[in-house]
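The following paragraphs walk through one structure, moving from helix packing to a metal site, then to aromatic rings and the backbone. Please keep the sequence and the model in view while reading.

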Amino acid sequence: MPSRFVDLTDGVAMIVSDLHGDRDAFDRYVARFHTLYASGAAQRLIFLGDLIHAYGPPYQDHSLSLLLDVMALRERYGPQTVIMLLGNHEMSHIYSIALAKGEFEFTPRFEHALGRHRERVLSFFADLPFYVRTAAGVLLGHAGPAVEVTGHVALLRDFDHRRVLAEADALLASAGDLTPYYERYREVYGASYQDDARHYLAVRGPDDPRYPHLLRGTLIAQRSREFAVLWDALFTQNELGLTEYTYVQQVREFLAAFSDGAPAPQRVMVSGHIVTPLGGYVLVNRYHLRLSSAAHARPREAGRYLLLDCAQPIHAANELLPHLDTVFEDELED
Ligand SMILES: [Mn+2]
């Protein structure tokens, strides 16, 4: 099991967050990377997760083709040059867990689109790293400093989705006939298991080997301690709900916990995951920069990418601001 942490000691990384199936934004960022790479201005391209799941109608959702392009890019440039971190939206598919915001359901469209790519894409998701640690002292991750997981950094480093899934599979196998559980599902969720399995997981019917996976997902979500840590790491709401003083102290502890074995003490975190209401980034505090490259920027065209020299020490998040740039020049009015 390789580590879920990628340690980088050199090279300039172009960092892009939360594209959520936005084909136009993706093409702009990749074109920019080709230019920067060719001129020697950047050596790495890092996606901070949540490449998939558009918030809009199907015609705006290019999740699968974006993802296949990232996989092809990584094959072309190599896994140390093109890096994608796991986001909560990708994670939900590893565990067959439905993701929704209010009435809007994210997961069914992607499950139905997967088709013949299913195995390769899910295996790609299952192998994605969670964090990048740099000699610059900048920690990269999808959701930000998840102060809930500070005591579980080693668990995240050695995380094995396949083991969590296999444990749940073994539990279901030992239960034998699952019919009572499917009936119980209907009582709890008020919907037929078969209908939901078809809708959420694109299974054919009860004879499909993936038929129990919806049940397996609820079992893991309810029972697995490891999964709970991963969930906290990828779904954290960060500073929301905590006083600023408490939060800043906890972020420092979080970064210290990630510094163990890192190429340098990790002093600043860069993440995506949450909307930045006033542009393409938020300087949350001295230790955290939140980056929105498209879907979470307001407006979208205010989206930014970050160029990070992995070898040049950074001591505070505001030192990163001069290294933010745009690919939407033509879209912005001046
Ligand atoms: Mn997210």
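Helix α9 (193–201) and helix α10 (residues 213–223) pack with their axes 9 Å apart and at an angle of about 90°, where axes are lines fitted to C-alpha atoms, for helices over the stretch in contact, and angles run from 0 to 180 degrees between N-to-C directions. That angle makes α9 roughly perpendicular to α10, given that angles of 65 to 115 degrees count as roughly perpendicular, those under 35 as roughly parallel, those over 145 as roughly antiparallel and the rest as oblique. On the α9 side the contact is made by Tyr193, Asp196, Ala197, Tyr200 and Leu201, and on the α10 side by His213, Leu214 and Leu215, with contact meaning heavy atoms within 4.5 Å. Sorted by class, the contact of α9 with α10 has six nonpolar, one polar and one charged residues; here Ala, Val, Leu, Ile, Met, Phe, Trp, Tyr, Cys and Pro count as nonpolar, Asp, Glu, Lys and Arg as charged, and the others, Gly among them, as polar.

The model is a predicted one, in which local features need pLDDT of at least 70 and side-chain atom pairs count only at pLDDT 80 or more, while totals for chains, interfaces and linings use all residues. Residues are numbered from 1 along each chain as its sequence is written, and side-chain values use heavy atoms, with hydrogens and water left out. Helices (H or I, at least four residues) and strands (E, at least two) are DSSP runs, numbered from the N terminus.

A second helix pair can be compared with the one above. The axes of helix α2 (residues 63–77) and helix α4 (residues 107–114) come within 9 Å and cross at roughly 60°, and α2 and α4 are therefore oblique to each other. Ser63, Leu64 and Leu67 in α2 meet Phe110, Ala113 and Leu114 in α4, and the residues of this contact divide into five nonpolar, one polar and no charged. Both helices return in the surroundings of helix α5 (residues 118–127), in which Arg118, Val121, Phe124, Phe125 and Ala126 are buried, that is, under 20% relative accessible area, whereas exposed means over 50% and partly exposed in between (1.4 Å probe, protein chains only). These buried residues of α5 pack against α2, β4 (82–84), α3 (88–94), α4, α7 (161–175) and α9.

Which residues hold the manganese ion? Its protein donors are Asp50 (OD), Asn88 (OD1), His142 (NE2) and His273 (ND1), lying 2.1 to 2.3 Å from the ion, where donors are N, O and S atoms within 2.8 Å of the metal (3.2 Å for Na, K and Ca), and water is not among the atoms, so sites may look incomplete. Along the sequence the donor residues are spaced D-x37-N-x53-H-x130-H. Distant parts of the chain are linked in this way: aspartate 50 belongs to the loop between β3 (44–47) and α2, and histidine 273, 223 residues apart from it, to the loop between β9 (268–271) and β10 (281–285). Aspartate 50 counts as buried because its relative accessibility is 1%, and histidine 273 is also buried, with a relative accessible area of 11%.

The aromatic rings come next. The count comes to 23 aromatic pairs, under a rule by which rings of Phe, Tyr and Trp (its six-membered ring) pair if their centres lie within 6.5 Å, with planes under 30 degrees apart counted as stacked, over 60 as edge-to-face and the rest as tilted. The rings of tyrosine 37 and tyrosine 77 have their centres 4.8 Å apart and their planes at 75°, so this pair is edge-to-face. The pair joins distant parts of the chain, with tyrosine 37 in helix α1 (residues 23–39) and tyrosine 77 in helix α2, 40 residues apart. Tyrosine 37 is partly exposed at 36% relative accessibility, whereas tyrosine 77 is buried at 15%. Phenylalanine 254 and phenylalanine 258, by contrast, form a tilted pair, because their ring centres are 4.6 Å apart and their planes stand at 45°. Being four residues apart in helix α12 (residues 244–259), they are separated by about one helical turn.

Finally, the backbone deserves a look. Most residues other than glycine have a negative phi, and most peptide bonds are trans. Histidine 273, already met as a manganese donor, has a positive phi of about 85° although it is not a glycine. The peptide bond from arginine 298 to proline 299 is cis, with omega near -10°, and proline 299 is found in the loop between β11 (288–291) and β12 (305–309).
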